[in-house]
Structure formats: C-alpha cells, structure tokens
Amino acid sequence: VPPRRVGKRLIGRYLFLRIALGTVTLVACTVGSTFWARSLYMDGATEEDDHYKDTVLPLMRSQASNTLTFGACAVTMSARFSYNSAFGMRSFYGNKFAWYSLAIVAVLQVAITYIPGLN
C-alpha cells in the first residue's frame, strides 16, 4: 500500500497556506528587524561614513542572522503539529531530539554572533 493515494497532491492547500504564511512572516520579521537595527544605530550617519561600515552594517547583519535563525527554529517547532496548537505540554515532552537540535542551533548561533573571527 503506498503512503498516499496515487494522484493525491503531495502538499495540500492547508499545508501550502502554512508554508506561505510562515515564509512571509519570517521574511517580514527579518527585514523589519534589520531596518529597526539600522534606525537604532545610525545616529545621523550616512551610508558612506566609516561609522556605518564599521559599526552599523555588522550589527544589521548580526540582527538579520539571529532573527532568521531563531525564527526558523520557531517555525520548525510549530510545524510539528499540523492541526493542534504548538503551545501545549505535548510540544515540551513529545520529541526530545527536537529540543536537542534547537539547543545545538542556539549555541552555534551565539558562537557565530559573539566569537571574533566567526562573525
């Protein structure tokens, strides 16, 4: 017996909607946080100034990388449940390897952000 009916779509409408909504939200949060970091740290500098190139641009890149990574982790954790809420006790105790991978990604992201030479 095949895992799904022959001729049935691999990605249904509901799953496609979830993928599209998650992607749009993740991109909007990443771009929005980058512009927020830019407005927060510009201090009247222009894009040609050394302050922008030495300070603001690395902060913007770091903000975008962190937002994208941890947003993708949030999408991954919420995608474990198709029709149920991801905010329940089952999400904490359901799969310990998902939490291990989340911890590994968090440690690596912090290392990339704060260890000189990796950022």
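This tour proceeds through the helices, the core and the pockets of the structure, one selection at a time. The model is predicted, and its residues are numbered from 1 along the chain.

**Helix α1**

Begin by selecting residues 13-41, which form α1. The helix has 29 residues and reaches 42 Å from its first C-alpha to its last, close to the 42 Å expected at 1.5 Å a residue. Colour Gly22, Leu26, Thr30, Ser33, Thr34 and Ala37 within this selection, as these residues of α1 are buried. An α-helix has 3.6 residues a turn, so residues three or four places apart point the same way. Next, display α2 as well, since the cover over the buried residues of α1 includes α2. Before leaving this helix, inspect Asp43: just after α1, this residue takes a positive phi of about 55°.

**Contacts between α1 and α2**

Select Thr30, a residue of helix α1. Thr30 counts as buried because its relative accessibility is 12%, under the 20% cut-off. Beyond its neighbours within four places in sequence, Thr30 is in contact with Ala64, Thr67 and Leu68.

Move along α1 to Thr34, which lies in that helix. Thr34 has a relative accessibility of 16% and therefore counts as buried. With neighbours within four places in sequence left aside, the contacts of Thr34 are Met60, Gln63 and Ala64.

Now centre the view on Ala64, which is found in helix α2. Which residues does Ala64 contact, leaving aside its neighbours within four places in sequence? They are Thr30 and Thr34, so both of the threonines just visited appear again, each being buried. To place a distance label here, pick the C-alpha atoms of Ala64 and Phe35: the two residues are 29 residues apart along the chain, and these atoms are separated by 9.3 Å.

**The nonpolar core**

Select Ala37, Met42, Tyr52, Val56 and Met60, the five residues of the largest nonpolar core. Helix α2 gives the most to this core, with three residues. In soluble globular proteins, nonpolar side chains tend to be buried together. Ala37 has already been coloured among the buried residues of α1, and Met60 has appeared as a contact of Thr34. Focus next on Met42: not counting residues up to four places away in sequence, Met42 touches Glu47, His51, Tyr52 and Val56. Of these contacts, Tyr52 and Val56 are also listed in the core.

**The largest pocket**

Turn to the largest pocket, which has a volume of about 280 Å³. Select Arg18, Ile19, Gly22, Val75 and Ser78; of the 13 residues that line this pocket, these are the closest to its centre. The elements that give two or more residues to the lining are α1 and α2. Which of the elements gives the most to this lining? It is α1, with eight residues. Colouring the lining by class shows eight nonpolar, four polar and one charged residues. Gly22 deserves a second look, as it is one of the buried residues of α1 and also one of the residues closest to the pocket centre.

**Helix α4**

Select residues 96-114, helix α4. This helix has 19 residues and spans 27 Å from its first C-alpha to its last, close to the 27 Å expected at 1.5 Å a residue. Within α4, highlight Ala98, Gln109, Ala111 and Thr113, which are buried. Keep α2 (50-78) on display, because it is included in what covers the buried residues of α4 under the 4.5 Å contact cut-off.

**Asn66 and the second largest pocket**

Select Asn66, which lies in helix α2. Not counting residues up to four places away in sequence, Asn66 touches Gln109 and Thr113, both of them buried in α4. Asn66 and Gln109 are 43 residues apart in sequence, while their C-alpha atoms are 7.0 Å apart in space.

From here, extend the selection to the lining of the second largest pocket: Pro58, Leu59, Arg61, Ser62, Ser65, Asn66, Gln109, Ile112, Thr113 and Asn119. The volume of this pocket is about 210 Å³. The elements that give two or more residues to its lining are α2 and α4, and α2 gives the most, with six residues. By class, the lining has three nonpolar, six polar and one charged residues. The tour ends at Asn66, Gln109 and Thr113, which all belong to this lining.

Definitions and conventions
This is a predicted model: local features need pLDDT of at least 70, side-chain atom pairs count only at pLDDT 80 or more; totals for chains, interfaces and linings use all residues. Side-chain values use heavy atoms; hydrogens and water are left out. Helices (H or I, at least four residues) and strands (E, at least two) are DSSP runs, numbered from the N terminus. The expected span of a helix is 1.5 Å times one less than its number of residues. Buried means under 20% relative accessible area, exposed over 50%, partly exposed in between (1.4 Å probe, protein chains only). A nonpolar core is a set of buried Ala, Val, Leu, Ile, Met, Phe, Trp, Tyr and Cys residues joined through side-chain atoms within 4.5 Å. On a 1 Å grid over the protein atoms alone, a cavity is a set of points where a 1.4 Å probe fits but cannot get out, and a pocket is an open set with protein on both sides within 12 Å along at least five of seven lines; lining residues have an atom within 4 Å of a point. Grid points are joined across faces, edges and corners, and a volume is the space filled by probe spheres set on the points. Ala, Val, Leu, Ile, Met, Phe, Trp, Tyr, Cys and Pro count as nonpolar, Asp, Glu, Lys and Arg as charged, and the others, Gly among them, as polar.
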